[in-house]
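Student: Could you take me through one part of this model in close detail? I'd like to hear what surrounds it and how it is paired up.

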Protein chains: 2
Amino acid sequence: MKKWTNISLSIPDWLNTWVMSIPTHFPTQKKRMMLTIDLARINVQQGGGPFAAAVFESGSGKLIAPGVNWVVPGKSSLLHAEIMALALAEQSLGNYELAQFGSFELVTSVEPCCQCLGALIWAGVVSVVCGAHSEDAQAIGFEEGPRPADWIQELQKRGIAVTTGIMRPQSVEILQSYTGELYNSQLPGLNSND
Amino acid sequence: MKKWTNISLSIPDWLNTWVMSIPTHFPTQKKRMMLTIDLARINVQQGGGPFAAAVFESGSGKLIAPGVNWVVPGKSSLLHAEIMALALAEQSLGNYELAQFGSFELVTSVEPCCQCLGALIWAGVVSVVCGAHSEDAQAIGFEEGPRPADWIQELQKRGIAVTTGIMRPQSVEILQSYTGELYNSQLPGLNSND
C-alpha cells in the first residue's frame with residue numbers, strides 16, 4: 001500500500017482567474033445567486049457538472065469561497081459544488097467550524113443532495129440559499145439521495161435559515177443545457193448530484 | 001483572496017506506519033470490523049474522534065484504505081472516518097466511482113451520519129458494515145444529522161447491502177471512553193459525528 005500524505009481534491013485552475021475578475025462583496029441575496037449561477041454556467045463550459053455554490057460572509061456579503069461540481073474532472077465523488085465551497089472556506093479560515101469566525105451563508109444553484117446537506121450542517125453555516133429545486137435536477141437524471149422529506153425543517157430547527165427557488169429559471173436553464181456525464185450510473189439508481 | 005491550488009485534507013502521520021504493521025487482507029466481516037475498531041481505539045489515543053472506517057475489496061478482503069475521524073486535528077468538518085476512507089480509496093484507485101474497479105465494502109465503527117450516508121452512495125460501494133448504532137453515538141453527545149428513518153432501506157434499494165451491530169459492544173466501549181471535544185456545539189443541536 002502506498003504512503004499517503006493527505007487527501008488532495010483538485011479544483012479547476014480557472015477558478016482562481018475567475019475570482020480575480022469579480023467584485024469582492026455581494027451585498028444582496030440576488031447578487032449572490034447571480035454570481036453562483038454564472039459560476040455554474042462557466043463550469044459546464046469548462047467540463048464540470050451543472051452545479052455551483054459559494055460561501056459568503058452573511059452581513060457584508062464578502063465572498064469567502066466558490067465551489068463547482070468537479071466530480072468527473074477531479075476524479076472524486078466528494079467534489080460536489082457545496083463541498084468544494086465549504087472545504088475551501090474552512091481551509092481559508094483555518095478551522096472546521098465556520099461559526100467560530102462569524103456568520104456565513106451557503107448559496108447553491110440547486111438544492112443540496114444528502115451528502116451536501118450533512119456537510120453544510122457540520123461546517124456550521126447559518127443560512128442556505130438555493131436556486132433550482134431538487135426535482136429540476138432529478139428531471140435531467142441526477143439523484144439527490146436519501147434525504148428526509150422535511151429536510152428544510154430539519155435545517156431550520158438546527159438554526160439554519162433556508163430559502164429556495166431564488167432565480168430558479170436561470171439555474172434550470174443550465175441544468176437543461178447540460179449534455180455531460182451522469183456519473184455513478186453503474187449501480188441501480190446511483191446518479192450523483194450537486 | 002488567496003490563490004487556491006487544491007483542497008488539502010490532512011490525514012494523521014501515524015496512519016501510514018500503522019498500515020505497515022497489519023495484514024494486507026481481511027477475509028471475514030469480523031476480521032474487517034476488528035481492524036476498524038482497533039483503528040478507532042488508536043485514533044482516540046492519538047487525539048482524534050472515537051470513529052474509524054475502512055474500505056475493503058469485497059471478495060478478497062484486501063484493505064484499500066483506512067479512515068479515522070480527524071475533524072479537530074485536521075481542521076475540517078469533512079474529515080469523518082468514512083469520508084477519509086472513501087476519499088483515500090478513490091485517490092488510490094484513481095477515479096470517483098469505486099464500482100468501476102470492482103466491488104468494495106465500507107466497514108465503519110458506527111452507523112454513518114447524513115454526510116457519510118451520502119458519501120458512501122456516491123462513492124459506489126456495494127455494501128456497508130456498521131458496528132455501533134447511531135443511538136450509541138447520540139448517547140455520548142454526537143448527532144447523526146437529518147437522515148430518513150428508513151435510511152437502511154434507502155441503501156438497500158440502491159443495491160447496497162447493509163449489516164449493523166457487528167461487534168457493537170467493542171465499538172460502544174470506545175465511544176464511552178471518549179473524553180475529547182464534541183465539536184460544532186456553537187449552533188443549537190449541532191454536534192457532528194463520525
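Tutor: Let's go with strand β2 of chain B, residues 52-57: 5 of its 6 residues are buried, so the rest of the structure largely encloses this strand. Keep in mind that we're looking at a predicted model.

Now for its partners. On one pairing, β2(B) meets strand β3 of chain B, residues 63-68, in the antiparallel sense, with 5 bridges between them. If you want a spot to click on, A52(B) has V68(B) as its bridge partner in β3(B). These two strands make a hairpin, with 5 residues separating β2(B) from β3(B). Have a look at G61(B) in that turn, where phi is positive, at about 75°.

β2(B) also pairs with strand β4 of chain B, residues 104-110, again through 5 bridges and running antiparallel. Here a handy marker is E57(B), which sits opposite F104(B) of β4(B).

While you have chain B open, check the cysteines too. Searching the whole structure over all chains turns up 0 disulfides. C113(B), for one, is in no disulfide, and its nearest cysteine sulfur belongs to C116(B), 4.0 Å away. The cut-off for a disulfide is a sulfur pair within 2.5 Å. C113(B) has 0% relative accessibility, so it counts as buried. As for C130(B), its closest cysteine sulfur is also in C116(B), but at 11 Å that is too far for a bond. C130(B) is buried as well, with a relative accessible area of 0%.

Conventions
Residues numbered from 1 in each chain as written. Chains lettered and ligands numbered in written order. Predicted model: local features only at pLDDT ≥ 70, side-chain atom pairs only at ≥ 80, totals over all residues. Heavy atoms only, no water. Buried < 20%, exposed > 50% of the residue type's maximum accessible area, 1.4 Å probe, protein only. Helix = DSSP H or I, 4+ residues; strand = E, 2+ residues; numbered from the N terminus. Pairing = 2+ DSSP bridges.
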